[in-house]
Protein chains: 2
Amino acid sequence: MTQAAQAHDLKLTKNQHLVLSVLESSRQPLSAYSILDRLRGHGLKAPLQVYRALEKLLEAGRVHRLESMNAFVVCCHSRHGQIHPRITAFEICESCGKVNEFHDEKVESALIQHARSSGFKIRASAIEVHGLCADCH
Amino acid sequence: MTQAAQAHDLKLTKNQHLVLSVLESSRQPLSAYSILDRLRGHGLKAPLQVYRALEKLLEAGRVHRLESMNAFVVCCHSRHGQIHPRITAFEICESCGKVNEFHDEKVESALIQHARSSGFKIRASAIEVHGLCADCH
DNA sequence: AATGGAAAGTTATGTAATAACATTATTGAA
DNA sequence: TTCAATAATGTTATTACATAACTTTCCATT
């Protein structure tokens, strides 16, 4: 990710703004198609319009993709222009659907250390834990 | 996962055996459809035949699903009847496609500790690191 | 042999993502 | 301002991934 791409004050285009708004107002991760459904009233008609917006929002660090769900969530640092930690992890509640994004120093250093010892060069990671959140069990 | 499902000496059905064989003979993870393609010569015709076999193999702990790739790999403990560690992680090479399954005590305890502190009850996890393996960089 | 449950077969459909190409907006330098 | 370059958008079609619903076959047990 480039510096420019990390800047959170980049102007969003119309579609990017629409998609981000939908994600921000959702309490759960949304699939691209369910985002599309919510935006048909705003003139969006095709999956690509959503996927292209998501691509830019991902590059800009404003949303995350949950690989194990084929779904997207806003990044908890999306506002504020914070520097985003390197390794992001998610706790995903199978009951209420809520997602807790977190950054754990120990998880990160353990993965980095393991990579170093096996000669692996990390470029991206997907760390997704499924289960029940505190409210649901 | 039940005890019975963990037993590795369970007899496999014809389709389960075919699917497992294909995965074992592949140096890379395979999608369900590419498994199907390789088994058309053996009479398989429909995706469901593969997905059903995969479902059983996953339950039995003989293969893993890579969520970030929509693909499947044999479990490195598939033979041997070993007890499978709780938390499994993968280093996936973006150049040669090879997957390194590993079980890291520090990663596991960090995730468990974080879950405990946030009141989250872990049921499953997907930990997939993408990058370049030692051979490729 | 009868039967009950698991596996397999088959067709259709649902969901996720991208290809290919045409058009419109924006930007930035001459 | 004008024009070229780049980015974004729109549109249609297609590919890839996964499951629903229902039928038939297989096989262990009575």
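In the predicted model, an N or O atom in the side chain of K56(A) sits 3.2 Å from a phosphate oxygen of DNA strand D. Chain B also reaches the backbone of this strand. R65(B) places a polar side-chain atom 2.6 Å from a phosphate oxygen. For N70(B), the corresponding distance to a phosphate oxygen of DNA strand D is 3.4 Å. Three elements each give two or more residues to the surface near the strand: helix 2 (14-24) and helix 4 (47-59) of chain A, and helix 4 (47-59) of chain B. Helix 4 of chain A provides the largest share, four residues.

Around DNA strand D there are 15 residues, of which T13(A), Q49(A), R52(A), Y33(B) and R65(B) come nearest. Of the strand atoms within 4 Å of the protein, 43% belong to sugar and phosphate. By residue class, the surface near the strand comprises five nonpolar, five polar and five charged residues.

Two aromatic pairs are found over all chains. Y33(A) and Y51(A) pair edge-to-face, with 6.3 Å between centres and 70 degrees between planes. This pair links distant parts of the chain, joining helix 3 (residues 32-39) to helix 4 of chain A across 18 residues. Y33(A) is partly exposed at 47% relative accessibility. Y51(A) is partly exposed too, at 38%.

In chain B, Y33(B) and Y51(B) form an edge-to-face pair, 6.4 Å centre to centre and 70 degrees between the planes. Y33(B) lies in helix 3 (residues 32-39) and Y51(B) in helix 4 of chain B, 18 residues apart. Relative accessible area is 46% for Y33(B), which is therefore partly exposed. Y51(B), at 39%, is partly exposed.

How values were computed: Residues are numbered from 1 along each chain as its sequence is written. Chains are lettered from A and ligands numbered from 1 in the order in which they are written. This is a predicted model: local features need pLDDT of at least 70, side-chain atom pairs count only at pLDDT 80 or more; totals for chains, interfaces and linings use all residues. Side-chain values use heavy atoms; hydrogens and water are left out. A residue is near a molecule or strand if one of its heavy atoms lies within 4 Å of it. A polar contact is a pair of N or O atoms within 3.5 Å; within protein, one must be able to donate a hydrogen and the other to accept it, and residues adjacent in sequence count only if both atoms are side-chain atoms. Ala, Val, Leu, Ile, Met, Phe, Trp, Tyr, Cys and Pro count as nonpolar, Asp, Glu, Lys and Arg as charged, and the others, Gly among them, as polar. Rings of Phe, Tyr and Trp (its six-membered ring) pair if their centres lie within 6.5 Å; planes under 30 degrees apart count as stacked, over 60 as edge-to-face and the rest as tilted. Buried means under 20% relative accessible area, exposed over 50%, partly exposed in between (1.4 Å probe, protein chains only).
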